[in-house]
Amino acid sequence: ILSDGDDIQIQAYYDRTHREAANFAEIRNTFDIDFLHRFRLPARQEVSWGLGARIDPVNDQVVVTGLQFIPNQRTDYLLTAFVQDEVGLVEGRLALTLGTKLLRTNFSNDIDLEPSARLRWTPGDKQTIWASFTRALRTPSDGEDNFDLLGFVSTTANGTPFFARFNANPNFADEQMNGYELGYRRLLGKKLYVDVTGFYNHYHDLFSEDLAGAAFLETAPAPAHLLLPAQFRNGLLGYTKGVEIAPEWRPTSNWRLRGSYSYLHMNLGKALLSGDVGTAPIIVGASPQHELTVSSAVDLSKKLQLDLTFRYVSALPGQLVPAYSTGDARIGWKFSRQVDLSVAGQNLLQPSHSEYGGDPGPLVGIRRSVYAKLTWTR
């Protein structure tokens, strides 16, 4: 029997995905079930715990010669459990949250542990300070454990074809992160507040593309060719650090202005004895160093709303993507309690822009678009 404040949730779903890309195809059936239980204990404690299971029969089909998963048919699984306890050390002022998550997959040999701790202090009604620690893991996937790739590099001076081959690595380990965060929220007056958060994350056992030996002459299959062996390994380590600022201002009761700015600095390099061939600069250059967003939401009347958003993202040198800025707009009409109509435009400041590199292929362009949406609820 549930007590007041207790909560039990059960969720189950099935999903079928049939994905076809230029060099890859996959059919995946996902069966998932999750259980969550929340309850209260004496001494201002709130406990949450849960279990989850996901089963994925997979068929990775060969589309191009030289790229395949071995075995291409298998059953992936993910088993999870978690527990979290939030303790009110000083009522309304100081709270401590402790928890951990446990994972087991078919790609890892052990049960993975992801603990976390968070301390929140509210010295007054207008400010909050918090600090947290999190240990996070990225478990291996079929991309590291089962993936084999053979690619043509060039032709030597005497006409011999030269290939590189990435072999699957069944011993690929978890990528690991220890993250630290310190944040501060302050209410300035009655209508303006600001969040400031600083973070530092240390990483090790990160994904790398390593040479697995010197090139050698392979005669079968014909014709004879040079082959450079390589493998996906855990050869990178490093850190990221940065700051996020998010103010919100309500000039009037029907107008809200929000903004956010984030700065990210990444420093990744090769671990001792790593044979990485240059993955670190690509990874570092695939995340923007600066991001800025400013949005305005105003109720023009009881039935008419106008939303405007401006976004700026700095360049991604690792993917040859230049910096860009763009804007979105939305106007909505509420005809009745049941019917809403809205017209929205996205990426309006230019006909198109690139946001990330293609894999494979050229840069992916995002075009200007406009759409209408009609919502009816009962």
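Which residues make the nonpolar surface patch of about 830 Å²? In this predicted model, the patch is made by Leu-292, Val-294, Phe-310, Tyr-312, Trp-333, Phe-335, Val-343, Leu-348, Leu-349 and Val-370. Two strands, β16 (290–299) and β17 (304–313), each supply at least two residues of this patch. Leu-292, one of the patch residues, is found in strand β16, and because its relative accessibility is 32%, it counts as partly exposed, the partly exposed class lying between the buried limit of under 20% and the exposed limit of over 50%.

The two strands that contribute to the patch in this way are also paired with each other, since β16 and β17 run in the antiparallel sense over nine bridges and are joined by a hairpin through four residues. Within this pairing, Ala-297 stands opposite Asp-307 in β17.

Strand β16 is further paired with β15 (residues 255–270), to which it is joined in the antiparallel sense by nine bridges. Along this pairing, Leu-292 in β16 is the bridge partner of Tyr-261, while Arg-256 stands opposite Ala-297 in β16; Ala-297 thus has Arg-256 facing it in the pairing with β15 and Asp-307 facing it in the pairing with β17.

The antiparallel arrangement extends to β14 (residues 225–252), which is joined to β15 by 13 bridges. Here Lys-241 stands opposite His-265 in β15, and the two strands, β14 and β15, form a hairpin with two residues between them.

Key
Residues are numbered from 1 along each chain as its sequence is written. This is a predicted model: local features need pLDDT of at least 70, side-chain atom pairs count only at pLDDT 80 or more; totals for chains, interfaces and linings use all residues. Side-chain values use heavy atoms; hydrogens and water are left out. Patches are made of residues with over 30% relative accessible area and no salt bridge: like charges are joined within 9 Å, nonpolar side chains (Val, Leu, Ile, Met, Phe, Trp, Tyr) within 5 Å. Accessible areas come from the Shrake-Rupley method with a 1.4 Å probe; for residues, only the protein chains shown count as cover. A salt bridge is a side-chain nitrogen of Lys or Arg within 4 Å of a carboxyl oxygen of Asp or Glu. Buried means under 20% relative accessible area, exposed over 50%, partly exposed in between (1.4 Å probe, protein chains only). Two strands pair if DSSP finds at least two bridges between them.
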